[in-house]
Structures are given as structure tokens and as C-alpha cells.
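Please open the structure in your viewer and keep the sequence panel visible beside it. The stops below say what to select next and what is to be found there.

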Amino acid sequence: MRVSWQSLYDEIYACEKCELCRQIHNKVPGQGDIHARLMFIGEGPGADEDMQGLAFVGAAGQLLTKMIAAMGYDREQVYICNIVKCRPPHNRTPEPLEAQTCLPYLRQQVALVRPRVIVLLGATAARTLLREDFRITREHGIWVERKGVWFMPTYHPAALLRDESKKREAWHDLQKVMEKMKEIGEEASDGGHEGI
Ligand code: SF4
């Protein structure tokens, strides 16, 4: 049986299934259009996200907003969340066990939103959802289809902030997403912009 958004969020807010909840200020379930055709999944909350309880609101979030706008969408038109809903200490990468422990919540979010296309931001998202030995540097930009949902792995915006030279490749990946959205009849109304 499919859960409701309210019961899912209640469950996440009450969750103590892994150690990540011990030092946080807020759970960060994710936000956006709950009927979005396009979804973005990152790794986990950072300091700003932990303070505000919202996904992707820090520097990487601002870049993600630009990336989404360059594709022709508003942030409010997509759904944005992370693999883990609690900030890992010192922004470390979530352990595979932590990611797997939190994964049922993400699966329920995907089941509720029912996106047609999911952009996986960074290696942790791709390793958790596609294959544990996924190499983002080599394998970004290649479509994976699972049960009618199209997954596009690309760089995490934080990685793009650390290395601007990767932006060109990331934009190329996002252009493929725009093409796919057009192909499935879900094209952005303003058609996208010049790049990120
Ligand atoms: S990271 Fe996920 S599984 Fe771990 S405590 Fe937070 S909500 Fe629960």
C-alpha cells in the first residue's frame, strides 16, 4: 500500500534508524512539486540544509537552482531530495549502510512523485541507486532506464563548485535530460537557456 506524504514525512522526522540523526538540527526530507515529472537526487544535507531543514539551499543549492533554470524550469516545478535525510558529520560521504538504511524513504518519495526522469547528482546517488561501483567521472551522462524511469547520472553541484572545468560536461548531461523531457512530452515551457 502506498503511504501518504504526511505519514512518510512523519516517519522521517521521527526516524532514528542510523547514527546520522544524533548530531543534526533538522531532518531534510526534500521539497518541490510532489507531482513533478523531473526529480533531482543528491547525497545528503550540508550545514545550511541542516539549519533550514531544506534540501539544496547552500552554495551548491544555488548552483543547482541555476542549473534547473538553465534547463528552463523553476525549482518549484521539480522535486529535490537526497539519499540521506540527516546531515553526515563534517559533510562526510554517507556510509553505504547509512544510505541503504535511509533508502526506503527515498523509494517511497519516488513512488509518490512518480517522476519520468531522475537526475542523480554525484557518485553517492548513482552508487546507491544504480550500481555500487559506479564511477561518476567515467559514466556520467549515460542513460539508465529502470521500470520506465530514466536516470541521468551527473556531477554533484558541489563538485562543480570545486572544479569549474566539469561544468561543461555537466551541462551536456543536462541537455540530454532536456531532450528526454521533450521526447516524452514534458518539455519545459521556456525551452532552456545558454548553459550553467
Ligand atoms: S539518515 Fe535516514 S535512516 Fe538515518 S536517521 Fe536520518 S532519516 Fe533515519
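Begin by selecting Gly 195, which lies in the segment after α8 (residues 167-183) of what is, throughout this tour, a predicted model. Gly 195 counts as partly exposed, because 14 C-beta neighbours fall inside 10 Å, a number that lies between the limits of 12 or fewer for an exposed residue and 20 or more for a buried one. Now add Met 71 to the selection: Gly 195 and Met 71 are separated by 124 residues in sequence, yet their C-alpha atoms are 8.1 Å apart in space. If neighbours within four places in sequence are left aside, the residues in contact with Gly 195 are Ala 70 and Trp 171, and these two can be shown as sticks next.

Before going further, zoom out to the whole chain. How many helices and strands does the secondary structure come to? There are 8 helices and 6 strands, and a reader who follows them along the sequence meets the pattern α-β-β-α-α-β-α-β-α-α-β-β-α-α. The radius of gyration is 16 Å, close to the 16 Å that the globule rule gives for 196 residues, so the chain is as compact as a globular protein of that length. Along the principal axes, the C-alpha atoms fill a box of roughly 40 × 40 × 30 Å, and buried residues account for 39% of the 196 residues. Of the contacts between residues at least 6 apart in sequence, 74% join residues that are at least 24 apart.

The next selection is helix α4, residues 96-113. This helix has 18 residues and reaches 24 Å from its first C-alpha to its last, which is close to the 26 Å expected at 1.5 Å a residue. Look along the helix for Leu 103, where there is a kink of about 40 degrees, shortly before the proline Pro 104. Then colour the buried residues of α4, which are Glu 98, Ala 99, Cys 102, Tyr 105, Leu 106, Gln 109 and Val 113. An α-helix has 3.6 residues a turn, so residues three or four places apart point the same way. What do the buried residues of α4 pack against? Their partners are α1 (5-14), β2 (38-42), β3 (79-82) and α5 (123-129), and these elements can be displayed together with α4. Just after the helix comes Arg 114, whose phi is positive, near 55 degrees.

From α4, move to the ligand. It is surrounded by 13 residues, and the closest are Cys 15, Cys 18, Cys 21, Cys 86 and Cys 102. Cys 102 is also one of the buried residues of α4, and α4 is the element that gives the most to the shell around the ligand, with 3 residues. If the shell is coloured by residue class, the residues divide into 8 nonpolar, 1 polar and 4 charged.

Cys 86 leads to the next stop, Gln 23, which is placed in the loop between α1 and β1 (31-32). The C-alpha atoms of Gln 23 and Cys 86 are 8.8 Å apart in space, while the two residues are 63 apart in sequence. Gln 23 counts as exposed, because it has 12 C-beta neighbours inside 10 Å.

Two further residues, both in loops, are worth selecting for their backbone angles. Phe 56, in the loop between α2 (47-52) and α3 (59-70), has a positive phi of about 55 degrees although it is not a glycine. Lys 147, in the loop between β5 (144-146) and β6 (149-154), has a positive phi of about 50 degrees, and it is not a glycine either. Which of these residues is buried and which is exposed? Phe 56 is buried, because 29 other C-beta atoms lie within 10 Å, whereas Lys 147 is exposed, because it has 4 other C-beta atoms within 10 Å.

The tour ends in strand β5, where Glu 145 is placed. With 8 other C-beta atoms within 10 Å, Glu 145 is exposed. Select Gly 44 as well and draw a distance between the C-alpha atoms: Glu 145 and Gly 44 are 101 residues apart in sequence and 24 Å apart in space.

Terms used. Residues are numbered from 1 along each chain as its sequence is written. This is a predicted model: local features need pLDDT of at least 70, side-chain atom pairs count only at pLDDT 80 or more; totals for chains, interfaces and linings use all residues. Helices (H or I, at least four residues) and strands (E, at least two) are DSSP runs, numbered from the N terminus. The expected span of a helix is 1.5 Å times one less than its number of residues. The bend at a residue is the angle between axes fitted to the seven residues ending there and the seven starting there. Two residues are in contact if their C-beta atoms, placed from the backbone, lie within 7 Å. The radius of gyration is taken over C-alpha atoms; the globule rule is 2.2 Å times the number of residues to the power 0.38. A residue is near a molecule or strand if its C-beta atom, placed from the backbone, lies within 6 Å of it. Ala, Val, Leu, Ile, Met, Phe, Trp, Tyr, Cys and Pro count as nonpolar, Asp, Glu, Lys and Arg as charged, and the others, Gly among them, as polar.
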